[in-house]
Amino acid sequence: MTHPTVVREAARVIAIEAARAYVANIRPIDLTNPGVLVGHLMAAETLLMDIVTAHTEPTEGAAA
């Protein structure tokens, strides 16, 4: 499915800003707590997948 370029650009900005906000709010991590580490890794992976998706979905007028 193609989206208008403006919508795609907005999705890209939102995905990147969500990742920035997450990183900005990370406090010192207890490296001895595997649950906390796994939680941060899972959140980071999800945010990165959102960024990749926002940049790989076709935009309007893009060659199929």
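Leaving aside its neighbours within four places in sequence, which residues is I51 in contact with? Select I51 and look around: you should find A15, I16 and A19 in contact with it. Keep in mind as you click along that this is a predicted model. Now let's take the tour from the top.

**Stop 1: the whole chain**

Zoom out and colour by secondary structure. You'll see 2 helices and 0 strands. The chain has 64 residues, and buried ones make up 14% of them. Next, think about contacts between residues at least 6 apart in sequence: 76% of these join residues at least 24 apart.

**Stop 2: the two helices**

Select residues 5-24 for helix α1, then residues 34-56 for helix α2. Their axes sit 8 Å apart, and the helices pack at an angle of about 160°. Angles over 145 degrees count as roughly antiparallel, so α1 and α2 are roughly antiparallel to each other. While you rotate the view, look at the crossing too: α1 passes α2 in a left-handed way.

Which residues make the contact? On the α1 side, select R8, A11, R12, A15, I16, A18, A19 and Y22. On the α2 side, pick G39, H40, A43, L47, D50, I51, A54 and H55. Try colouring your selection by class: this contact has 10 nonpolar, 3 polar and 3 charged residues.

**Stop 3: the nonpolar core**

Hide the rest and show A15, A19, L47, I51 and A54 as spheres. Those 5 residues form the largest nonpolar core. Both α1 and α2 give two or more residues to this core, and α2 gives the most, with 3. There is a broader pattern to keep in mind here: in soluble globular proteins, nonpolar side chains tend to be buried together.

**Stop 4: L47**

Stay with the core and click on L47, which you'll find in helix α2. Is L47 buried or exposed? Its relative accessible area is 16%, so L47 is buried. Setting aside neighbours within four places in sequence, L47 is in contact with A18, A19 and Y22. Now draw a distance line from the C-alpha atom of L47 to the C-alpha atom of I16: the separation is 8.2 Å, though the two are 31 residues apart along the chain.

**Stop 5: A44 and T53**

Your next pick is A44, also a part of helix α2. With a relative accessible area of 29%, A44 is partly exposed. Try another C-alpha line, this time from A44 to A19. These two are 25 residues apart along the chain, and their C-alpha atoms are separated by 7.6 Å.

Then move along to T53 in helix α2. T53 is partly exposed as well, with a relative accessible area of 37%. Its C-alpha lies 9.3 Å from that of A11, and the pair is 42 residues apart in sequence.

**Stop 6: P4**

Last click: where is P4? Look in the segment before α1. P4 counts as partly exposed, at 37% relative accessibility. To finish, add P58 to your selection. P4 and P58 are 54 residues apart in sequence, yet 9.0 Å apart in space, C-alpha to C-alpha.

**Before you close the viewer**

Go back to I51, where the tour began. I51 belongs to the largest nonpolar core, and I51 is also one of the α2 residues in the contact with α1. Show both helices together once more and check that you can trace the roughly antiparallel pair, α1 and α2, by eye.

Technical notes
Residues are numbered from 1 along each chain as its sequence is written. This is a predicted model: local features need pLDDT of at least 70, side-chain atom pairs count only at pLDDT 80 or more; totals for chains, interfaces and linings use all residues. Side-chain values use heavy atoms; hydrogens and water are left out. Axes are lines fitted to C-alpha atoms, for helices over the stretch in contact, and angles run from 0 to 180 degrees between N-to-C directions. Helices (H or I, at least four residues) and strands (E, at least two) are DSSP runs, numbered from the N terminus. Angles under 35 degrees count as roughly parallel, over 145 as roughly antiparallel, 65 to 115 as roughly perpendicular and the rest as oblique. A crossing is left-handed if the near helix is turned anticlockwise from the far one by less than a right angle, and right-handed if clockwise. Contact means heavy atoms within 4.5 Å. Ala, Val, Leu, Ile, Met, Phe, Trp, Tyr, Cys and Pro count as nonpolar, Asp, Glu, Lys and Arg as charged, and the others, Gly among them, as polar. A nonpolar core is a set of buried Ala, Val, Leu, Ile, Met, Phe, Trp, Tyr and Cys residues joined through side-chain atoms within 4.5 Å. Buried means under 20% relative accessible area, exposed over 50%, partly exposed in between (1.4 Å probe, protein chains only).
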